[in-house]
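The exercises below are meant for someone meeting this structure for the first time. Please keep the sequence and the model in view, and try each task before reading its solution.

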Amino acid sequence: MMVHKDFPSLHIVDHPLVQHKLTWLRRQDTPTVSFRALLKEIALLMGYEITRNVPLTEVEIETPLQKMRAPVLAGRKPAIVPILRAGIGMVDGLIELMPSARIGHIGLYRDPETKQPCEYYVNLPEPGGRLFILCDPMLATGNSAAHAVKVLIDNGVEEQNIRFLALVAAPEGVKVLTDAYPGIAIYTAALDEKLNEKAYIVPGLGDAGDRIFGTR
Ligand code: URA
């Protein structure tokens, strides 16, 4: 994993397995069934990388041979929060990694007049110091990402406990999110070239929601 030179809070998960699987996700001839499976695998691998530095504490246990103090995860169970709809595609892989994680949901739509994101559904576990992994495969304009972070903060989540997990990011979106929330760590498998005039990431992989759910 490396920190991007232009964006100090952006981490690129450059693990070869992640990069290989992302290439298959990008291909237009990858069918829905493979797209889902690959996205799940990538989310699990990225989840492993982004939880590297979560704090541990020690508990006393007994092995068949003797007592010992052994490390366990400290604090409350982490929360996984997909931004609807495409974020759902990353949840299964993260749950496989952290089976007792709590799951929140943030549903956003774009107001046709103001063009600003508005939430239509928010359901979150109690913050209480836990880690929140906010996920959306495509960090494109950054507007919904920044809004979702605001929703978490407004609901009492501490900024230092939020990690944003994307699959592909555009520089425009990273800038919007980091300008608004410089303290939030962002993780992505790739930083692509730019957004096109329809706010799609190029080269990207198309519409992640449509590719996950087989719509359109
Ligand atoms: N959302 C997507 O699903 N794809 C993009 O390229 C941009 C936003």
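**Exercise 1.** In which loop does Ala-199 lie? Then decide whether this residue is buried, partly exposed or exposed.

*Solution.* The model is a predicted one, and the chain is to be followed until strand S15, which covers residues 194–195, has been passed; Ala-199 sits in the loop that runs from S15 to S16. Next comes the backbone: Ala-199 is not a glycine, yet its phi is positive, at about 65°. Finally, a residue is buried if 20 or more other C-beta atoms lie within 10 Å and exposed if 12 or fewer. Ala-199 has 13 C-beta neighbours inside 10 Å, and therefore counts as partly exposed.

**Exercise 2.** Describe the chain as a whole, beginning with its helices and strands and ending with its contacts.

*Solution.* The chain contains six helices and 16 strands. Its radius of gyration is 18 Å, close to the 17 Å that the globule rule gives for 216 residues, so the chain is as compact as a globular protein of that length. Along the principal axes, the C-alpha atoms fill a box of roughly 65 × 40 × 35 Å. Of the 216 residues, 37% are buried. Among contacts between residues at least 6 apart in sequence, 61% join residues at least 24 apart. The UniProt record, in an unreviewed entry, places the feature "domain: Phosphoribosyltransferase" at residues 13–215, and over that range the chain is 32% helix and 28% strand.

**Exercise 3.** List the residues around the ligand and follow two of them, Ile-201 and Ala-208, into the fold.

*Solution.* The residues around the ligand are Ala-86, Met-138, Ala-140, Tyr-200, Ile-201, Gly-204, Asp-207, Ala-208 and Gly-209. Sorted by character, this shell holds six nonpolar residues, two polar ones and one charged one. The record from UniProt, an unreviewed entry, places a "binding site" feature at Ile-201, Gly-206, Asp-207 and Ala-208.

Take Ile-201, which belongs to strand S16, residues 201–202. This residue counts as buried because 28 C-beta neighbours lie inside 10 Å. Setting aside residues up to four places away in sequence, Ile-201 touches Met-138, Ala-140, Val-168, Ala-170, Asp-192 and Leu-195.

Now take Ala-208, found in helix H6, which spans residues 208–213. Ala-208 has 25 C-beta neighbours inside 10 Å and so counts as buried. With residues up to four places away again left out, Ala-208 touches Ala-86, Gly-89, Pro-137 and Met-138.

**Exercise 4.** What is the order of the three strands in the open sheet that includes S12, and which of them stand at its edges?

*Solution.* The order is S10-S12-S14, and the pairing is parallel. Strand S10 (138–139) and strand S14 (190–191) each have a single partner strand, so one side of each is left without a neighbour in the sheet, and these two stand at the edges. Strand S12, residues 168–169, is joined to S14 by two bridges, and Val-168 stands opposite Ala-190 in S14.

**Exercise 5.** Starting from strand S7, work out how S5 and S8 are joined to this strand.

*Solution.* On one hand, S5 (residues 79–84) and S7 (residues 105–110) run parallel and are joined by two bridges, with Leu-84 having Gly-107 as its bridge partner in S7. On the other hand, S7 pairs with S8 (residues 117–123) in the antiparallel sense, over six bridges, and here Gly-107 stands opposite Tyr-121. S7 and S8 form a hairpin with six residues between them, and in its turn Lys-115 has a positive phi of about 65°.

**Exercise 6.** Locate the cis peptide bonds that lead into Arg-85 and Pro-203.

*Solution.* The bond from Leu-84 to Arg-85 is cis, with omega near 5°, and Arg-85 is in the loop between S5 and helix H3, which covers 91–97. The bond from Val-202 to Pro-203 is cis as well, with omega near 0°, and Pro-203 has its place in the loop between S16 and H6.

Notes. Residues are numbered from 1 along each chain as its sequence is written. This is a predicted model: local features need pLDDT of at least 70, side-chain atom pairs count only at pLDDT 80 or more; totals for chains, interfaces and linings use all residues. Helices (H or I, at least four residues) and strands (E, at least two) are DSSP runs, numbered from the N terminus. The radius of gyration is taken over C-alpha atoms; the globule rule is 2.2 Å times the number of residues to the power 0.38. Two residues are in contact if their C-beta atoms, placed from the backbone, lie within 7 Å. A residue is near a molecule or strand if its C-beta atom, placed from the backbone, lies within 6 Å of it. Ala, Val, Leu, Ile, Met, Phe, Trp, Tyr, Cys and Pro count as nonpolar, Asp, Glu, Lys and Arg as charged, and the others, Gly among them, as polar. UniProt positions are given in the numbering used here, feature names are shortened, and annotations may be inferred rather than shown by experiment. Two strands pair if DSSP finds at least two bridges between them.
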